[in-house]
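Subject: Structure for you to look at

Hello,

Here is the structure I promised to pass on. Please open it before you read the rest.

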Amino acid sequence: MEQYVYSRLWYGRKIIVGKKKENGNRFTLNGYIELLNSDPKGWLRHAAGGDVGYFSDIYPFDNFIGQLFFAGYLYDKKHLFIGFDTREVDKLVSKDECIESLKKAARSL
């Protein structure tokens, strides 16, 4: 189960970092950024349908520190998020690096 270790509003968007236990004692960090109703309607439609692949070539989602793995409703049916995980990253990624990646994306949106 994922535990949220950071949650803040940044440039009007909620950014969240989650920590999930993988095999053994290894933990993976996941980052999520909220989509707003003012975002392009295509983004909202694809996120609501869970179409994470749609976002792989769209800036700033293509510049996340990890690999996109989530599009949809994270904790309720009102807030859509795009998320990345750090499982496939070559180095150990810190919580601060995840936060900075999310902040950079929020600034550019």
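Below are my notes on salt bridges, burial and two backbone details.

Please keep in mind that this is a predicted model.

**Salt bridges**

How many salt bridges does a search of the whole structure find? The count is two.

One pairs D39 with R13. Their closest N and O atoms are 2.7 Å apart. Look at where the partners sit. D39 is in the loop between β3 (27-35) and α1, while R13 is in strand β2. The pair therefore ties together parts that are 26 residues apart in sequence. Are these two residues buried or exposed? D39 is buried, with a relative accessible area of 7%. R13 is buried too, at 3%. Buried means under 20%, so both values fall within that class.

The other salt bridge joins the side chains of R87 and D85. Here the N to O distance is 2.8 Å. R87 is partly exposed, with a relative accessible area of 40%. D85 counts as buried, at 4%. So this bridge links a partly exposed residue to a buried one.

**More on D85**

Where is D85 placed? It belongs to strand β5, which covers residues 80-85. The side chain of D85 also appears as a polar contact with the side chain of R87, at 2.8 Å. What else does D85 touch, leaving out residues up to four places away in sequence? The list is T28, L29, N30, G66, Q67 and F69.

**Two backbone details**

First, a word on what to expect. Most residues other than glycine have a negative phi, and most peptide bonds are trans. Two places in this model go the other way.

Y11 has a positive phi, near 50 degrees, and is not a glycine. Find Y11 in the loop between β1 (2-10) and β2 (13-21). Is Y11 buried or exposed? It counts as exposed, because its relative accessibility is 56% and the exposed class begins over 50%.

The other place is the peptide bond from Y59 to P60. That bond is cis, with omega near 10 degrees. P60 lies in the loop between α1 (41-48) and β4 (67-73).

**Where to start**

Try D39 and R13, the pair with the 2.7 Å distance. Then turn to D85 and its contacts, including F69. Finish with the cis bond at Y59 and P60.

Best wishes

Definitions and conventions. Residues are numbered from 1 along each chain as its sequence is written. This is a predicted model: local features need pLDDT of at least 70, side-chain atom pairs count only at pLDDT 80 or more; totals for chains, interfaces and linings use all residues. Side-chain values use heavy atoms; hydrogens and water are left out. Helices (H or I, at least four residues) and strands (E, at least two) are DSSP runs, numbered from the N terminus. Buried means under 20% relative accessible area, exposed over 50%, partly exposed in between (1.4 Å probe, protein chains only). A polar contact is a pair of N or O atoms within 3.5 Å; within protein, one must be able to donate a hydrogen and the other to accept it, and residues adjacent in sequence count only if both atoms are side-chain atoms. Contact means heavy atoms within 4.5 Å. A salt bridge is a side-chain nitrogen of Lys or Arg within 4 Å of a carboxyl oxygen of Asp or Glu.
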